[in-house]
Amino acid sequence: MTESAVWPARSRMRPLGGDQTTIHDGFWAERLRVNRERTIPHGLGQLRRAGTLDNLRLAAGAAAGDYRADADSGGAVLPFLDSDVYKWLEAVGWAGDDGLRAAADEVIAVVAAAQRPDGYVNSFVQVVRDGRPYQDLAWGHELYCLGHLVQAGIAWHRALGDDRLLDIATRAVDHAYDALGEEGIDGHPEIEMALVELARVRGEPRYTEFAARMLDRRGHGRLGEGRFGPAYWQDHAPVRTATEVAGHAVRQLYLDCGAVDVAVERGDTELLDAVRRRWDDMVRTRRYLTGALGSRHRDEAFGDPYELPPDRAYAETCAAIASVMLAWRLLLATGEPAYADDIERAMFNGVLSGLSRSGTEFFYTNPLHRRTHRTYEPAGHGQRAPWQACACCPPNLMRLLSSWPHYLATGDETGLQIHQYATSTIRVGEAEIAVRTHYPWDGRVDVSVMRSPQRPWTLALRVPGWCAGATLAVAGQEPLPVAAGYAERTRVWAPGDRVTLDLPLPARCTEPDPRVDAVRGCVAFERGPIVYCVESADLPETVDVDDLRWDPAREVVAVPRPELGEEWVGLDVPVTGGGVASAIPYHAWANRGPGGMRVWLPR
C-alpha cells in the first residue's frame, strides 16, 4: 500500500507524501487556514521589521548597516536568527499556497546571495565574527541554523519539486562535512535529524554517518561546562546510556529526534531503545498535563522528577513542538499508538497555546496558572506578543501547522493507519478514503471508502488511551466495543463501504501524581483530547480565580461555547458555594486580556 520509496524498510510505519492527505473542514482546517492566511504572512513582515532578513543581506554584501539582534541572558548577541528565516521558508514549502511561494522567492534569493562560493552561509559569522566558521560550536548555533536550512530545502523539494533551497543546503552541508566530518558537535542539536533527511533525499549515506558520529561524540564533555553545566547541552552522558532527559528541553528532544532517525536508518536497536527509555521517563515524571515540557526558567530546562510547578512552568512552545517531532519518529519506528496519543495531547494543548486565535501573537512560555493578583509587571506581560527578540517559537509554529496534514495517517504493506482525526481525504496507492468528523468536539468519526484495490488490506483507526467505551461499526454491521490502541479491520474493501468509530467524550476529572508537590490536592478537567482551564474573563469581577475550590458533590457538565468558535465545547465546573466556574480549552486562554487562569483547581 505504501508509496514512500525513500523511507527505510526498518520503520514499522511509513509517512505519506504531502499530496496524499488533504484536510477539508473542521477544527484543523480552520487552524491551517489562519496559519496560511495570517500567521505566515505576519511572520514575513516581522522578519523584515526585526532586521533578520537584512542580516543575510549584510552577509551578501548587498546592504550597509549593523547586524541587528538582541542579547541572550549572558549578554552575548543572539547568533541563531538565520534559523527563523529557514523555519519560515519551511512553513511556506509545506503550506501549498501560490501567493506565499511568490513572496518566498525574494527570501530564497537573499539566502542564495549570502552563501559564499565555498558553500558556507551564516550571517552572524560572516558579519560579526570575521567570517571564520566553526570557532564557537558550543554557543554559535552554526550547525543548528544549517539543520533548519536543510529542512527548509527538503520541504520545498518534497512538496513543490523546487530544489533551489536544497541545493544551497547541500553545498553548505558539504562545507561542514569537509571541515568537521571527523570531529565537532554543535551545542544545540538539530542538524542530526536534518542530515538523515538529507541522506534520504540525496541518496548519500555519508550524511547519516556524519550525524551518527556527532551522536557518538556527545556525552563525553567535549562542549565543556558552559554557564549551566554539561547536562544543559546533553554532554554529561553518552546518548546510548543516558537514562533520563536532562538540561535544555528543546536541545534534548531535537537530539533524540536525530538519534531515532539514525537508529532507524542503521537498524540500531540499542540507540532506539535508549531514546525510548528517556521518553518513557519524561512522560512519567517531567511532562505537564498539557504536554508541555520544561519547568526551569534559568536554563530553559527539565527539572527534577515531578518538579512541575504550574505557575512557574517554563513550558517553551518550541519544546512542545519538539515533542511532537520526536513522538512522530517513535511512532513510525515502533508502530505503538501511545506515541500518537502523545502527539494529540501536545498539539491540542501545549502547542496551540503558544498561538493566539488571531494567528498573529505568540507565547514563548506556557504556564498552567497565572495569578489574578501579581507583583508589578511591565505592560503586556502575560500576553502573547506579535514577535519575540528570540523568535524561535513563532516560525516553529508556522512550519508545524503547515506540515500537520502529514501527521494524520501512515501507510505500510498491510494497509492504512489513521492516527489523528480531521475531515480529510487520504490516498495510499490504489486506496482512497474520506474522513468526516467534528472532532475534537464530537467523538464520531465516519470513514468512507472511495477507491480500493481488489485485494484485502487493513484499515486501522487509533482509539486514544484516554477513551473508554469506544465502538466500531463496519459496513452497516452492529457496533462492537474496541479497546485503546488501534481498531483494525482487514477485508476486501469496496467503494461505498463505511466505518464508524465512536469515541465517547465525557468530561474527566484528572488527579495529579501525588509526587507533584505543587498541585497535590488539586484536580484538572479534560474532555476528549482537550485540557481545560478556568480564566478570570469567565468569572464575576468579585470572584478571584485563585479562590476557586472544586465541589466534587456535583457533576461537571459540557456546554456549548459558540462565542469562542463554531461547535466549541466548554465545561461548567462546580465550585464550593453552590456556583459553577466556566472552563474553556486551555489553548484558548489569554485571548481576552491578561487575566488570571488556572488548570489545576484545589479540592
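Arg38 sits in helix α1 of this predicted model, and with a relative accessible area of 42% the residue counts as partly exposed. Once its neighbours within four places in sequence are set aside, Arg38 is in contact with Arg33, Ser358, Gly359 and Thr360. One of these partners comes from far along the chain, since Arg38 and Ser358 are separated by 320 residues in sequence, yet their C-alpha atoms lie 7.8 Å apart in space.

Val127 offers another view of how sequence and space are related. This residue belongs to helix α5, which covers residues 123-127, and Val127 is partly exposed, with a relative accessible area of 31%. When residues up to four places away in sequence are not counted, Val127 touches Asn55, Leu58, Ala59 and Tyr67. Ala518, by contrast, is 391 residues from Val127 along the chain, and the C-alpha atoms of the two are 47 Å apart.

These individual pairs can be set against the chain taken as a whole. Of the contacts between residues at least 6 apart in sequence, 68% join residues at least 24 apart. The protein chain has 14 helices and 21 strands. Its radius of gyration is 24 Å, close to the 25 Å that the globule rule gives for 603 residues, and the chain is therefore as compact as a globular protein of that length. Taken along the principal axes, the box filled by the C-alpha atoms is roughly 70 × 70 × 50 Å, and buried residues make up 62% of the 603 residues.

Helix α14, residues 393-403, shows this burial along a whole element. Eleven of its eleven residues are buried, so the helix is largely enclosed by the rest of the structure. The buried residues of α14 include Cys393, Pro394 and Pro395 at one end and Ser402 and Ser403 at the other, with Arg399 also among them. What covers the buried residues of α14 includes α1 (27-49), α3 (82-95), α6, α10 (249-266), α12 (317-334) and α13 (337-351). Helix α1, which contains Arg38, is thus one of the elements that cover α14.

Cys393 also leads to the question of sulfur pairing: how many disulfides does a search of the whole structure find? The search finds zero disulfides. Cys318 is in no disulfide, and the nearest cysteine sulfur, that of Cys393, is 3.5 Å away, whereas a disulfide calls for two cysteine sulfur atoms within 2.5 Å. Cys318 has 2% relative accessibility and so counts as buried. The sulfur of Cys390 is likewise without a bond, because the closest cysteine sulfur, in Cys392, is 3.9 Å away and therefore too far for one.

The interior can also be examined for empty space. Rolling a probe the size of a water molecule over the atoms shows where such space is left. A search of the whole structure finds four cavities of 30 Å³ or more, and the largest of these has a volume of about 80 Å³. Its lining is made up of Tyr86, Tyr120, Val121, Asn122, Tyr134, Glu142, Cys145, Leu146, Leu149 and Ala172. Helix α6, residues 142-160, gives the most to this lining, with four residues, and α6 is also one of the elements that cover α14. By class, the lining of the largest cavity has eight nonpolar, one polar and one charged residues.

Some details of the backbone remain to be followed, and they fall in loops. A cis peptide bond, with omega of about 10°, joins Tyr439 and Pro440, and Pro440 is found in the loop between β7 (431-437) and β8 (444-451). Tyr306, although not a glycine, has a positive phi of about 70°, and its place is the loop between α11 (269-285) and α12. Glu567 is not a glycine either and has a positive phi of about 70°; this residue lies in the loop between β17 (557-560) and β18 (569-574).

Are Tyr306 and Glu567 buried or partly exposed? Tyr306 is buried, with a relative accessible area of 13%, whereas Glu567 is partly exposed, with a relative accessible area of 37%.

Notes:
Residues numbered from 1 in each chain as written. Predicted model: local features only at pLDDT ≥ 70, side-chain atom pairs only at ≥ 80, totals over all residues. Heavy atoms only, no water. 1 Å grid on protein atoms, 1.4 Å probe; cavity = no way out; pocket = protein on both sides within 12 Å on 5 of 7 lines; lining within 4 Å. Points joined across faces, edges and corners; volume = space filled by probe spheres on them. Helix = DSSP H or I, 4+ residues; strand = E, 2+ residues; numbered from the N terminus. Nonpolar A, V, L, I, M, F, W, Y, C, P; charged D, E, K, R; others polar. Buried < 20%, exposed > 50% of the residue type's maximum accessible area, 1.4 Å probe, protein only. Rg over C-alpha atoms; globule rule 2.2 N^0.38 Å. Contact = heavy atoms within 4.5 Å.
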